[in-house]
Amino acid sequence: MSENSEKQLIVVKVGSNVLTRADQKPNVTNMSALVDQMARLHAYGHRIVLVSSGAVACGRGVIQPARQLDSVAERQLYSSIGQIRLINLYNQLFGSYGIPIGQVLTQKDNFASRTACLNQKSCILTMLDNGVIPVLNENDTASLTELMFTDNDELSGLMATMLGADKLVILSNVDGIYTGAPDAPGSELIRRVTPGEDLRDFVQQTKSGYGRGGMGTKCHIARMVAAEGVEVVIARGNRPDVLVDVVEHPDRVPHTLFEAAPRCEGAAAVTSFLDYPLE
């Protein structure tokens, strides 16, 4: 069993850059390593909710459109194919540990009304109460462009706030927030961010790879979620045992921690979170 006796509800967000190889095919090695770690945390008694990117990237490697498509149609096509491949991979990997998973495809307007929000929350908590790990993604085939999540960082933030999670772990391709570009001479990892601390002078707004979001979005979402009372960690997803370490042994692994402010309870916190503009 774990050395840490405090069992937590943990939302884990895994980005496309962690789940996708350079040739746009699924990175099964990284997926398998992360599933191994989530299975360990599950065995320790933690409750895990997985928000997984990668569906569009999985679909993009399978098919070439018969004609030029606009960005919405292209995303719908790739996600419709890729989501099946992604969830089947997770089902096989978690199944090797005897852990059932459940797919939850959601849209931004599911967080915008109290009834829809509570219904979604009830569904996910029921899954957790029965030992099921929910695997969430945006329903890209049905989402309208103007009502889409900015990216899965935003989805994971809304989910963590709605569920009243203890921790949100955002796994990316860098160790966290740096004082400059991560590879720049003299740039240092920011280990801890206090509520309300201004990071605009440090955050890089560019993004890389296949995801929609960048570190600017991650930082913004992390600050908003921490303001609602949820601890947020940004860490590099391909580090060995990174997920277990940030939960059980945080001193062992580089990461940025956003300290949680006193908690705001209820669905009102989620709907107010939707009103925050991206910086």
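**Exercise 1. Contacts along the chain**

Find what share of the contacts with a separation of 6 or more comes from residues 24 or more positions apart.

*Solution.* Start with the contacts in the chain that have a separation of 6 or more; residues 24 or more positions apart account for 76% of them. Keep in mind that you are working with a predicted model. Next, add the secondary structure: the chain holds nine helices and eight strands. Then turn to burial, where 52% of the 279 residues count as buried. Finally, look at the surface: about 12500 Å² is exposed, and carbon and sulfur atoms supply 48% of that area.

**Exercise 2. The surroundings of Y78**

Decide whether Y78 is buried or exposed, and list its contacts beyond the neighbours within four places in sequence.

*Solution.* First, locate the residue: Y78 sits in helix 4, which spans residues 71-95. Second, check its accessibility. The cut-off for buried is under 20% relative accessible area, and Y78 has 5%, so Y78 counts as buried. Third, collect the contacts: with neighbours within four places set aside, Y78 touches A55, V56, G59, R60, I63 and P65. As a last step, try a distance: the C-alpha atoms of Y78 and Q64 are 9.4 Å apart, and the two residues are 14 apart in sequence.

**Exercise 3. Helix 2 against helix 4**

Work out how helix 2 is oriented relative to helix 4, and which residues make the contact.

*Solution.* Begin with the axes: those of helix 2 (residues 28-44) and helix 4 come within 10 Å and cross at roughly 50°. Angles under 35 degrees would count as roughly parallel, and 65 to 115 as roughly perpendicular; the crossing angle therefore makes helix 2 oblique to helix 4. Now for the handedness: helix 2 passes helix 4 in a right-handed crossing. On the helix 2 side, the contact is made by V28, M31, S32, V35 and M38, while helix 4 contributes L86, L89, Y90, L93 and F94.

**Exercise 4. Two cysteines**

Say how many disulfides the structure holds, then classify C123 and C219 by accessibility.

*Solution.* The disulfide count is zero. For C123, the relative accessible area is 41%, so C123 is partly exposed. C219 has 4%, so C219 is buried.

**Exercise 5. A backbone angle at D241**

Describe the phi angle of D241 and the place of D241 in the chain.

*Solution.* D241 is not a glycine, yet its phi is positive, about 60°. As for its place, D241 belongs to the loop between strand 7 (231-236) and helix 8 (242-248). To finish, its relative accessible area is 34%, so D241 is partly exposed.

Notes. Residues are numbered from 1 along each chain as its sequence is written. This is a predicted model: local features need pLDDT of at least 70, side-chain atom pairs count only at pLDDT 80 or more; totals for chains, interfaces and linings use all residues. Side-chain values use heavy atoms; hydrogens and water are left out. Helices (H or I, at least four residues) and strands (E, at least two) are DSSP runs, numbered from the N terminus. Buried means under 20% relative accessible area, exposed over 50%, partly exposed in between (1.4 Å probe, protein chains only). Contact means heavy atoms within 4.5 Å. Accessible areas come from the Shrake-Rupley method with a 1.4 Å probe; for residues, only the protein chains shown count as cover. A disulfide is a pair of cysteine sulfur atoms within 2.5 Å. Axes are lines fitted to C-alpha atoms, for helices over the stretch in contact, and angles run from 0 to 180 degrees between N-to-C directions. Angles under 35 degrees count as roughly parallel, over 145 as roughly antiparallel, 65 to 115 as roughly perpendicular and the rest as oblique. A crossing is left-handed if the near helix is turned anticlockwise from the far one by less than a right angle, and right-handed if clockwise.
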